[in-house]
Amino acid sequence: MTNFNFDREQESAFINAGPIYHVNSPENFGIMFRNDDDFKAGMLLMSLCSTQFRDVCIYAFELMNNHFHCVLGGDEKQVVFFYEEYKTRLKKYCTGVCNILDWSKCVCHIKRISSLDNFFTGTSSFSYSSSA
C-alpha cells in the first residue's frame with residue numbers, strides 16, 4: 001500500500017472539517033443502475049437528499065451498477081438518516097422501473113475516517129439496518 005504522506009496543513013484541514021464517514025451499500029446487493037437514465041436518476045436523488053440534509057456535507061459519491069459509495073461529513077446519526085433517505089428514494093425509483101430487489105438487505109455500511117492516511121488504509125466498519 002502506498003503511503004500518501006499528507007502534509008500537516010492538509011491533515012489539519014481534514015481534522016477541522018468535523019467527522020467524515022465513508023458510507024456504502026452492500027457490494028453484492030443486485031443491479032440498481034442499469035443504464036444512463038438510472039445513473040442520472042441516482043445522481044438527481046443524491047442532490048435531492050442533499051437539500052433535505054443541509055447539515056450533511058457530500059464530499060464525494062460514486063454510483064456503480066450494484067452499489068454506491070459516499071464520503072459524507074456531519075453528525076453520524078444524520079449521515080445514517082441521509083443514507084436511509086437516499087435508499088428510500090432509490091427504492092421508489094427502482095420499483096417504478098420494474099427493478100425487483102430485496103431492499104431489506106441494502107444496509108448502511110459506515111466507517112469513520114479519522115485521518116487522510118486512514119481514509120486510504122481503512123478503519124473499523126459498522127453496519128446499520130432498518131426496516132425501510
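Four helices and five strands make up the protein chain in this predicted model. If you follow the sequence from start to end, they come in the order α-β-α-β-β-α-β-α-β. The chain has 132 residues, and 39% of them count as buried. Its accessible surface is about 7800 Å², with 53% of that belonging to carbon and sulfur atoms. Now look at contacts between residues at least 6 apart in sequence: 71% of these join residues at least 24 apart.

Let's take a walk along helix 2, which covers residues 36–52. With 17 residues at 1.5 Å a residue, this helix should span 24 Å, and its end C-alpha atoms are 25 Å apart, which agrees. Just at the start of helix 2, a side-chain oxygen of Asn35 comes to within 3.0 Å of the backbone nitrogen of Asp37.

Which residues of helix 2 are buried? They are Asp38, Ala41, Gly42, Leu45, Met46 and Cys49. Viewed down the helix axis, the buried residues fall within an arc of 145 degrees, so they line one face of helix 2. That buried set packs against strand 2 (57–64), strand 3 (67–73) and helix 3 (76–96). On the other side of helix 2 you will find Asp36, Asp37, Lys40 and Leu44, which are exposed.

Asp38 deserves a visit of its own. This residue of helix 2 has a relative accessibility of 2%, so it counts as buried, the cut-off being under 20%. What does Asp38 touch, leaving aside its neighbours within four places in sequence? The contacts are Met32, Phe33 and Tyr93. Arg34 also meets Asp38: their side chains form a salt bridge, 2.9 Å from N to O. In addition, the backbone nitrogen of Arg34 lies 2.9 Å from a polar atom of the Asp38 side chain. Arg34 itself is partly exposed, with a relative accessible area of 45%.

The count of salt bridges comes to four, and two others are worth finding on your screen. One of them joins the side chains of Lys87 and Glu84, at 3.4 Å from N to O. These two residues are three apart in helix 3, so about one helical turn separates them. Both Lys87 and Glu84 are buried. Another salt bridge links the side chains of Asp102 and Lys105, at 3.9 Å from N to O. Here Asp102 is partly exposed at 39% relative accessibility, while Lys105 is exposed, with a relative accessible area of 56%.

Technical notes. Residues numbered from 1 in each chain as written. Predicted model: local features only at pLDDT ≥ 70, side-chain atom pairs only at ≥ 80, totals over all residues. Heavy atoms only, no water. Expected span 1.5 Å × (residues − 1). Buried < 20%, exposed > 50% of the residue type's maximum accessible area, 1.4 Å probe, protein only. Arc of directions from axis to C-beta. Contact = heavy atoms within 4.5 Å. Polar contact = N/O pair within 3.5 Å; in protein donor to acceptor, adjacent residues only side chain to side chain. Areas by Shrake-Rupley, 256 points an atom, 1.4 Å probe, with all protein chains shown as cover.
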